[in-house]
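Me: Please take a close look at one part of this structure, the surface and the packing beneath it. A formal account with explicit cut-offs would be appreciated.

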Amino acid sequence: MRPYGPSSLTRVPLVLLDQAQSLGADRRSLMAAAGLTAAELKDPDGRIPSEKVWKLWHALAQQIPDEALGLTLMEGKGPAAPFGLVSYSLYYSRTLKRALHRLSRYSSIVAETVRLHVETDDDQCRIVLESDPHFETLRHPIDLRLANIVALLRQLSGNPLSPVEVELPYPKLKDVSHHRRFFTAPLRFGQPKAALRYRAAQMEMPVLQADETLAGYLDRLAEQKLRELEERTWTGRVSRALWTELSSGAPSLEHIASILSVSPRTLQRSLSEEGTSFRQVLEDLRRRMSGALLHRKGIAASEVAFLLGYADPTSFHHAFRRWHRTSPRAYRRAG
């Protein structure tokens with residue numbers, strides 16, 4: 001069985017490269033930094049390892065010193081959500097709410113590292129964005145994804161809709177003018193998750209090109225794509241599920257199995273077939289994310305311990321020394 005590796009539509013790096021080039025970045029050096037080849041990018045509907053998209057974002061941030069890079073890229077890339085099948089299923093939905101639920105259902109087709117949850121009550125609709133742990137250490141992809149949703153809702157409705165509030169999972173920036181100008185909504189920094197809040201009534205607005213018959217046909221195609229992705233292996237899925245739960249304490253195998261809609265025994269067996277275990281996936285995730293989180297300004301070591309699900313900072317410090325042969329404080333100074 002081949003090892004698991006989350007992937008993204010090839011359209012994702014293509015859009016990023018095209019827009020970065022229009023901003024003056026060197027396309028060849030970006031591709032080299034990300035490990036991307038021309039052959040990999042030939043088919044827009046093919047798939048690229050998400051690790052390469054992550055490396056591309058790092059290279060973009062180095063070549064384009066823009067504090068609001070995610071928003072700058074969004075504003076210059078043309079139609080919102082130019083992602084083929086998934087985009088069309090949204091464009092033909094009956095209402096914005098239906099479009100959002102389709103986006104939530106099919107977001108992994110665009111990128112397996114992204115999860116979208118739509119929470120509604122009588123007054124508000126909250127759109128929560130969750131990313132693979134790697135991507136949650138990067139600010140610009142979060143900005144781009146939130147901005148893409150806002151632009152999409154504006155485009156689908158033909159109305160300059162603004163959120164009631166924007167929740168951002170990183171410290172407040174020195175200059176927030178670009179964010180205020182794009183979102184035209186109150187910004188809340190330092191939040192647990194990236195999210196957008198809208199009035200529930202706004203999400204009942206009709207989509208301009210609504211055609212539920214055509215949308216239903218596209219649903220069938222999208223469901224087939226999802227089934228193809230679900231045939232991939234389990235390590236990455238467990239890692240992502242763990243990351244969403246860790247801040248509440250280290251979850252049990254049984255809890256993660258329930259999230260993934262499988263029995264604990266099936267999950268254990270599936271991970272064993274991939275040469276790993278639930279405990280090992282948790283250990284690997286904590287080790288990988290510990291260093292990345294410590295490099296983020298404004299997060300204390302005690303907060304990192306909390307985010308990684310440790311009951312107390314001492315347990316985290318012991319584990320960190322075992323992984324990195326140094327203390328969290330020394331690691332942060334050296335980085």
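Reply: Leu214, Tyr217 and Leu221 make up a nonpolar surface patch whose combined accessible area is about 250 Å². A patch joins residues with over 30% relative accessible area and no salt bridge, like charges within 9 Å and nonpolar side chains (Val, Leu, Ile, Met, Phe, Trp, Tyr) within 5 Å. A salt bridge places a side-chain nitrogen of Lys or Arg within 4 Å of a carboxyl oxygen of Asp or Glu, and areas follow the Shrake-Rupley method with a 1.4 Å probe, only the protein chains shown counting as cover for residues. The model is predicted, so local features need pLDDT of at least 70 and side-chain atom pairs pLDDT 80 or more, whereas totals for chains, interfaces and linings use all residues. Numbering starts from 1 along each chain as its sequence is written, and side-chain values use heavy atoms, without hydrogens and water.

Tyr217 lies in helix H10 (residues 212-230); helices (H or I, at least four residues) and strands (E, at least two) are DSSP runs numbered from the N terminus. Because its relative accessibility is 43%, Tyr217 counts as partly exposed, the class between buried (under 20%) and exposed (over 50%), with a 1.4 Å probe and protein chains only.

The loop between strand E7 (194-199) and H10 holds Gln202, which counts as buried because its relative accessibility is 7%. Beyond its neighbours within four places in sequence, Gln202 is in contact (heavy atoms within 4.5 Å) with Leu96, Leu161 and Ser162.

In the interior, the largest nonpolar core comprises 75 residues, and Leu16, Leu60, Ile127, Leu146, Phe183 and Leu196 have the most contacts inside it. Helix H8 (residues 139-157) supplies the largest share of this core, 10 residues. Such a core is a set of buried Ala, Val, Leu, Ile, Met, Phe, Trp, Tyr and Cys residues joined through side-chain atoms within 4.5 Å. A second, separate core of 28 residues includes Trp243, Val281, Leu282 and Ala319. Trp243 is one of the buried residues of H11, a helix with 8 of its 11 residues buried.

H11 (235-245) also helps to cover the buried residues of helix H13, as do H12 (253-259) and H14 (278-294). In H13 (residues 264-273), the buried residues are Leu267, Ser270 and Leu271. They span an arc of only 95° around the axis, taken from the directions to the C-beta atoms, and therefore lie on the same side of H13. The face turned away from that buried side carries exposed Arg265 and Ser272. Just after H13, Gly275 adopts a positive phi of about 80°.
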